[in-house]
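Trainee: Could you walk me through reading a few features of a model like this one?
Mentor: Sure, let's put it up and go through it together.

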Amino acid sequence: MTITHLTLRRFEAGDTMVLSHIWRAASERAHPFFSQEQLDQQQALVEQVYLPKAETWVALRGAVPLGFIGLLPDAEVAIIGGLFVAPEAQGQGIGRMLVDHARRLKHRLSLEVYETNASARDFYTRLGFRQTGRREVDDSGLPYPLLKLVL
């Protein structure tokens, strides 16, 4: 799939380290409340579990990955397990392209976003997501509220 100068393709095992670096840079920017140790632990999970097990799509400019989306199956609606764009490439339509692709594939989407991540919340609102729930702790049991959004 090509949109202007960007292409999308499925994740390949050789993408792991570059996508891990994108995840880390984007996470440090969007989630400053996490300690370096917490980010290290999550990064290991990204590399070893999330990237290989999710249906992951990679956005590239030429041969250079700039972002990715990981989709998790669900009975009623596909879950966006993660959407990350390299900080230097944010604001260029890459996130929108990845979400649009996921929507074409899965039709209905849901996700959780940290309540404190105002830029991500605004991004998803612009795409038409609406809040359907909230929980007080994240998957690790940490006191970082998450909002459930559905499109």
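What follows is a short chat about strands, a helix and a surface patch.

Mentor: Keep in mind that this is a predicted model.

Trainee: Okay. How many of the residues of strand S5 (residues 78-85) are buried?

Mentor: Generally, side chains in a regular strand alternate between the two faces of the sheet. Here, 6 of the 8 residues of S5 are buried, so this strand is largely enclosed by the rest of the structure.

Trainee: Which strands does S5 pair with, and in what sense?

Mentor: With strand S4 (residues 64-72) it's antiparallel, over 6 bridges; glycine 67, for one, has valine 85 in S5 as its bridge partner. S5 and strand S6 (residues 109-114) run parallel and are joined by 2 bridges, with alanine 78 partnering leucine 109 in S6. Between S5 and S6 the chain passes through helix H3 (residues 94-106), making a right-handed β-α-β crossover.

Trainee: Which residues of H3 are buried?

Mentor: The general idea first: an α-helix has 3.6 residues a turn, so residues three or four places apart point the same way. In H3 the buried residues include Ile94, Leu98, Ala102 and His101. The length checks out too: at 1.5 Å a residue, its 13 residues should span 18 Å, and the end C-alpha atoms are 18 Å apart. Just after H3, histidine 107 has a positive phi of about 75°.

Trainee: And which residues form the nonpolar patch on the surface?

Mentor: Leu45, Val49 and Tyr50, together offering about 230 Å² of accessible area. Tyrosine 50 sits in helix H2 (residues 36-53) and counts as partly exposed because its relative accessibility is 43%.

How values were computed:
Residues are numbered from 1 along each chain as its sequence is written. This is a predicted model: local features need pLDDT of at least 70, side-chain atom pairs count only at pLDDT 80 or more; totals for chains, interfaces and linings use all residues. Side-chain values use heavy atoms; hydrogens and water are left out. Patches are made of residues with over 30% relative accessible area and no salt bridge: like charges are joined within 9 Å, nonpolar side chains (Val, Leu, Ile, Met, Phe, Trp, Tyr) within 5 Å. Accessible areas come from the Shrake-Rupley method with a 1.4 Å probe; for residues, only the protein chains shown count as cover. A salt bridge is a side-chain nitrogen of Lys or Arg within 4 Å of a carboxyl oxygen of Asp or Glu. Helices (H or I, at least four residues) and strands (E, at least two) are DSSP runs, numbered from the N terminus. Buried means under 20% relative accessible area, exposed over 50%, partly exposed in between (1.4 Å probe, protein chains only). Two strands pair if DSSP finds at least two bridges between them. A crossover is right-handed if, with the strands pointing away from the viewer, the path from the first strand over the helix to the second runs clockwise. The expected span of a helix is 1.5 Å times one less than its number of residues.
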